[in-house]
Amino acid sequence: MLSDGQIDKYKQAFQEEAREILVDLESTLLQLNENRGDTDLVGQAFRALHTIKGSGSMFGFEEVAAFTHNLENAYDEVRNGRLEVTSELVDLTLAALDQIKTMVNQAGSPATADTASRLDILEKLLKLTGTSEAPSSHEAPGETANISPPTEPQHPTCDWHIHFAPGPDLLRNGTDPLLLIRELRQLGSLRLTVSTAAIPPLTELDPERCYLVWDIVLTTSAGRDEIHDVFIFAEDQCDLIIELIPSHVADSIAVVQSAPSEKTGGFGRRAEDRAAGGSNIRVPTAKLDQFVDLVGELVTVQARLSEIASRFEDADLVAVSEEVERLTSALRENSMSIRMLPIRGTFERFRRLVHDLARDLKKEVELTIEGADTELDKTVIDQLNDPLMHLIRNSMDHGIEPPAARIAAGKPPAATVRLSARHAGANVLIEVADDGGGIHADAVRQRAIEKGIIASDAQLTEAEIFSLILSPGFSTAKEVTDVSGRGVGMDVVRQRVEALGGSIQITSNPGAGTCVTLRLPLTLAIIDGLLVRVDEAFFVLPLANSLECIELTTQDIANSNGRHVAYVRGEIIPYIRLRDFFDIRTERPEREQIMIAETDQGRCGFVVDEVLGDHQTVIKNLGHLYKQVHFISGATILGNGTLALILDPNRVVLDAARKSAPPPGGQPSAHIGAKEAVRLDAP
Amino acid sequence: MPIELDQQESLSTIHLDGEVNISSAVELRSLLVQAVSSGKELRVQVGSTGELDVTALQLLWATAQEAKGTGMEFGFMGDLPEKVLFALKDAGVEFKMVQPVGDRGASC
């Protein structure tokens, strides 16, 4: 007898699995809407609904099972060729999925069942499938109608050979083969033989593994699909063969001669479906986070060990320290890779959004996805949903023109929204692009002046003008729509991206389209950093941004005529002295180092007393008190126990610019070029 | 308790009652091994509410083979509940697993 705790655990597992299935099913339906004759997609949809129904029933989600049963019937009609896929059916199914999602999420809590919506969906489904039986409008809350499909024409009675060999994990995963055989008995008369050859001696027998193998002859009028459906929950965990064998019915001979046998090899996986690697396990996120934290602590302790080993002239200690460093680095790489997930799941969710928005806005839009296998840290992915949703909504509402306007402009009536992701060093670039009307820089500039964000005589580059769109309350939309236009979304996008340590860039071509690029760190937990010192303070600059280190001599300072610039191979590089930035007033050394880094504003140098070298940096959050200190992305503990602040080079440049030259109008400019960002007063 | 081993001077009896399934399979195997190693005649009695799943049937089958190999007497005792009969039929080992013991039992 299962305890309440065990029951809750299984229910939770069903809820998680159901949510995943619903996401995939939504994607399948949207693809099916574009490819209505694709029988594979129909099959996928049917199987997904069948799984939800069956698992729901098994784990006590009877409402879910009953409601899904009707959808399953409808798609059974589709796959048997008795019902066509139409946009009406797809829309109805999508609406039903929303209901199922709600039921799955609400299980166990007081029902706020939207019974009226569900009955409405069922009624429409009935009309579509042509079933005469209508649901009663007097049903008690929580009850749903069961739709009986129209009586299907009888198949002739045939003999089927079924070879059923359970895999090693079938019993452990909760499947009882005897129940499957009992279900087969309900389809017709059954003769079976069992092989006990694989049962080992009692002392060697694994009691949780099934060793029996059955060969069954089933005489039934059921079709192959119906027989196969008995094993639908077990097909991944068994070797299953279902083949028609010659029967006494003369007009079945032609069917037999043309019917291929269906074999699934390798414990239920089709050869082409078999994964290259093997099995996966599901791990709670909290455990994964805890594991990564511990690895982070280990990295810190390893740094201390290295530091201590370097102080003692002991070859054995140094050798051990180096080995620990090697293993720690490998463990860190491994733990980081565990957190990395492809962005596919996030991208695919937006197919539904684009579909629904296009319908509501009466526009034709196709969503294309590139680089879906690009991997990011799970935490970054979790935070991306809202920003991307805002960007897509904005694109569809403001960027993309109605079909008639597009045709008048010589464009195809169907617009394209492109979601793409690719790696760029230690960052990932995510782009949301459209081929709509683009952004007019003049309109943006004018709006910014009206809002007091910039002065009327402010000189800005086009990129800087576009960046003004990210300011709070900024919107050039002539009217606020349900979709967008309140000017809230883009500011939220900026905040979320910057909270992740990322940045945004907007490019646009009036009449041709707009592209919003999010630059995000691959991981938030550990980075490769460059450790630097200013007096007794330590800082870390991200190694991914760092280009080179040069010496700043007094001669260089003299040659620059009071400007904070350095001449590097003919190029003028502005620099920020961290000593001045952090107001460290001790005497500076005669020779200083400039770390030249790539920033969003161009190349910029950061002047420090000493560059100490590479440092595996475990990022520690400074907490909400330092939330407004944007130029510090965190802190780390060094090997000697000292704290080092992790700098965000982009924000340091921006902050230095704000300190040096606040523009008239009271509002600091959001983005200014690197040259302007450096103080030009004499040192 | 769904499984109990009753050992007397020359006879061991495994009593199975309620659901005997994968959750009790390890315990059942342990008791069967213990019973077989005693070398005594072994009986299996299934209570009126007894239900056996495929894990139990496999273990009993393996025990039957062990008994046959050592010349030990093994078999079911008493009436088998309907659910057990169905399970034996579904598994296809209904008449192969039981041994005649005294007045009752089916051959294995």
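Me: A salt bridge is a side-chain nitrogen of Lys or Arg within 4 Å of a carboxyl oxygen of Asp or Glu. How many of them does the structure hold over all chains?

Reply: First, this is a predicted model: local features need pLDDT of at least 70, side-chain atom pairs count only at pLDDT 80 or more, and totals for chains, interfaces and linings use all residues. Residues are numbered from 1 along each chain as its sequence is written, chains are lettered from A and ligands numbered from 1 in the order written, and side-chain values use heavy atoms, leaving out hydrogens and water. Over all chains, the salt bridges come to 47.

Me: Let's pick one. Which residue forms a salt bridge with A:R406?

Reply: Start from helix α14 (residues 403–408) of chain A, which holds A:R406, and go 29 residues along to the loop between β10 and α15 (441–450), a pairing of distant parts of the chain. Helices (H or I, at least four residues) and strands (E, at least two) are DSSP runs here, numbered from the N terminus. The closest N and O atoms are 3.1 Å apart, and the partner is A:D435.

Me: Is A:R406 buried or exposed?

Reply: Under 20% relative accessible area counts as buried, over 50% as exposed and in between as partly exposed (1.4 Å probe, protein chains only). Its partner A:D435 sits at 21%, which makes that residue partly exposed. A:R406 comes out at 0%, so the label is buried.

Me: Right next to that pair in sequence is A:D434. Which side chain of opposite charge is nearest to A:D434?

Reply: A:D434 belongs to strand β10 (residues 427–434) of chain A. The residue is buried but has no salt bridge. With Lys and Arg counted as positive and Asp and Glu as negative (His and the chain ends are not counted), the nearest opposite charge is 6.9 Å away, on A:R406.

Me: Then which side chain does A:D434 make a polar contact with?

Reply: Contact in general means heavy atoms within 4.5 Å; a polar contact is a pair of N or O atoms within 3.5 Å, where within protein one can donate a hydrogen and the other accept it, and residues adjacent in sequence count only if both atoms are side-chain atoms. Beyond its neighbours within four places in sequence, A:D434 touches residues including A:I400, A:T416, A:V417 and A:G513. The polar contact is side chain to side chain at 2.8 Å, and the partner is A:S395.

Me: Over to helix α3. How far apart are A:D76 and A:R79 in helical turns?

Reply: Their side chains meet in a salt bridge, 2.8 Å from N to O. A:R79 is partly exposed, at 27% relative accessibility. The two are three residues apart in helix α3 (residues 62–79) of chain A, so their separation is about one helical turn.

Me: And A:T68: what relative accessible area does it have?

Reply: A:T68 is also found in helix α3 of chain A. Setting aside neighbours within four places in sequence, A:T68 is in contact with A:L49, A:I52, A:K53 and A:I100. It counts as buried, with a relative accessible area of 0%.

Me: Which residue forms a salt bridge with A:R311?

Reply: Look in helix α10 (residues 285–311) of chain A, four residues away from A:R311, or about one turn. A:R311 is exposed at 55%, while the partner is partly exposed at 27%. With the closest N and O atoms 3.3 Å apart, that partner is A:E307.

Me: Now the interface. How much area do chain B and chain A bury between them?

Reply: The contact involves 23 residues of chain B and 25 residues of chain A. Carbon and sulfur atoms account for 66% of the buried area, meaning the accessible area (1.4 Å probe) that two parts lose on being put together, summed over both. The total is about 2,000 Å².

Me: Which three residues supply 32% of the area that chain B buries against chain A?

Reply: One of them forms a salt bridge with A:R182, the closest N and O atoms being 2.5 Å apart. No other three residues supply more of chain B's share. They are B:V54, B:Q58 and B:D90.

Me: Which element gives the most to the side of chain B that touches chain A?

Reply: Across this interface there are two salt bridges and eight residue pairs in polar contact, both residues at pLDDT 80 or more. On chain B's side, the elements giving two or more residues are α1 (25–37), α2 (54–70) and α3 (82–91). Nine residues come from the top contributor, α2(B).
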